[in-house]
Amino acid sequence: MPEIRGNEWKYIKECLDTNWVSSVGSFVDRFEQIVADYVDVKHAVATVNGTAALHVALLVAGVQPDDEVLVSTLTFIAPANAIRYVGAWPVFIDAEPDYWQMDPQKVVDFLEQDCRWAGGELRNKATGQRVKAIIPVHILGHPVDLDPILTVARKYDLVVIEDATESLGAKYKAQMVGHLGDIACFSFNGNKLISTGGGGMVVTDNEEWAQRARHISTQAKDDPVEYIHNEIGYNYRLSNIQAAMGVAQMEQIDDYIVAKHRIAAAYGEGLKGIPGLQPMRQASWAESVFWLFTVMVDEAEFGSDSRALLKKLAEVGIQTRPLWQPMHLSPAYADLNPNDCPVANQLYREGLSLPCSVGLGESQHRVVDALRLRSSSGKPRA
Ligand SMILES: *Cc1c(COP(=O)(O)O)cnc(C)c1O
């Protein structure tokens with residue numbers, strides 16, 4: 001649930017009062033600047049949503065039809081779909097078991113063992129297709145272990161597109177996610193840490209790419225008076241009203257992150273010692289924003305599986321959610337899944353995300369008590 005308690009009303013009213021409501025206006029510029037400064041990148045281009053941001057990032061990165069792009073299998077479906085929008089093919093990479101992110105070793109293994117470097121290009125030995133990019137998805141507010149991925153990407157001249165849509169504000173080795181790869185995407189959908197109702201952003205240090213992103217997301221207009229377009233573009237720009245909300249939300253992001261940390265710490269403490277419940281962890285090299293707070297439910301130890309627990313909690317008015325069906329299992333990608341992804345399979349089976357909106361407050365105790373009562377130990381909090 002978005003938190004709306006800052007300057008949202010004021011800034012949106014300013015748009016309405018001045019008639020600057022559409023995709024040109026000072027708030028779009030301000031929103032881009034505020035996100036660029038926050039993430040520590042040179043350029044930011046606001047888009048209608050995070051999926052459009054991913055589509056644009058793939059286009060400006062030069063991903064071509066029938067190229068292959070490595071992407072986390074355990075993710076919301078948007079990055080896989082964006083790969084298909086440009087006619088390229090996703091190669092799904094399993095998660096690692098500790099922090100549930102794209103497994104960097106599996107990325108390296110695939111590129112080193114299953115691909116061949118020839119004529120300045122990397123090709124998948126099995127399909128013969130060119131491998132062009134990697135999309136590490138920083139899921140649930142926690143960063144991917146990027147260094148090994150960046151190293152192998154440099155070696156084979158692959159573009160790294162960070163899907164940072166769930167992790168604005170998270171840090172990898174003290175650096176903001178979103179400025180570690182070549183280009184990155186954020187989302188400001190209603191369920192994300194900050195929201196503009198719907199919205200997204202492409203960020204990059206590459207000036208030429210940023211200009212191109214702006215161009216193709218504005219219908220690739222070359223002469224706005226004569227309506228000359230030298231290529232096919234998209235109507236992907238964010239409106240000034242949405243950007244106004246974004247500016248107000250960005251003013252509060254530090255408070256939101258503090259609230260998320262407090263919620264995560266309280267769950268960490270409250271769930272201690274419940275058999276069969278493994279809360280998400282934060283790597284020593286990471287600062288998570290705990291966008292979601294997810295636990296793994298071991299059926300044998302806990303006494304019921306994640307879906308049975310979901311139903312029992314729903315009966316007492318506590319809404320929880322499973323993780324996403326991994327992409328290699330998705331019917332939408334049924335025809336192209338040679339990869340076995342056992343870790344993601346288990347995370348999907350056992351994962352349950354607990355209530356964790358910024359405004360959760362005291363009702364968090366109720367969630368902890370409900371989990372204790374339903375565990376095999378059955379003891380409420382002391
Ligand atoms: C939310 C999300 C997106 C896309 O965001 P929209 O703004 O909803 O289009 C992309 N990737 C991931 C991993 C997401 O969670």
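Q: Which pairs count as a polar contact, and what distance separates a nitrogen atom of the ligand from the side chain of Asp163?
A: A polar contact is a pair of N or O atoms within 3.5 Å; within protein, one must be able to donate a hydrogen and the other to accept it, and residues adjacent in sequence count only if both atoms are side-chain atoms. The model is predicted: local features need pLDDT of at least 70, side-chain atom pairs count only at pLDDT 80 or more, and totals for chains, interfaces and linings use all residues. Residues are numbered from 1 along each chain as its sequence is written, and side-chain values use heavy atoms, with hydrogens and water left out. From a nitrogen atom of the ligand to an N or O atom in the side chain of Asp163, the distance is 2.8 Å.

Q: Which residue has a side-chain N or O atom 2.5 Å from an oxygen atom of the ligand?
A: An oxygen atom of the ligand lies 2.7 Å from a backbone N or O atom of Gly50. The 2.5 Å distance, again to an oxygen atom of the ligand, involves the side chain of Glu166.

Q: How many charged residues does the shell around the ligand have?
A: Ala, Val, Leu, Ile, Met, Phe, Trp, Tyr, Cys and Pro count as nonpolar, Asp, Glu, Lys and Arg as charged, and the others, Gly among them, as polar. By these classes the shell has 5 nonpolar and 8 polar residues, and the number of charged residues is 3.

Q: Which element gives the largest share of the shell around the ligand?
A: Helices (H or I, at least four residues) and strands (E, at least two) are DSSP runs, numbered from the N terminus. The protein chain has 13 helices and 17 strands. The largest share of the shell, 3 residues, comes from α3.
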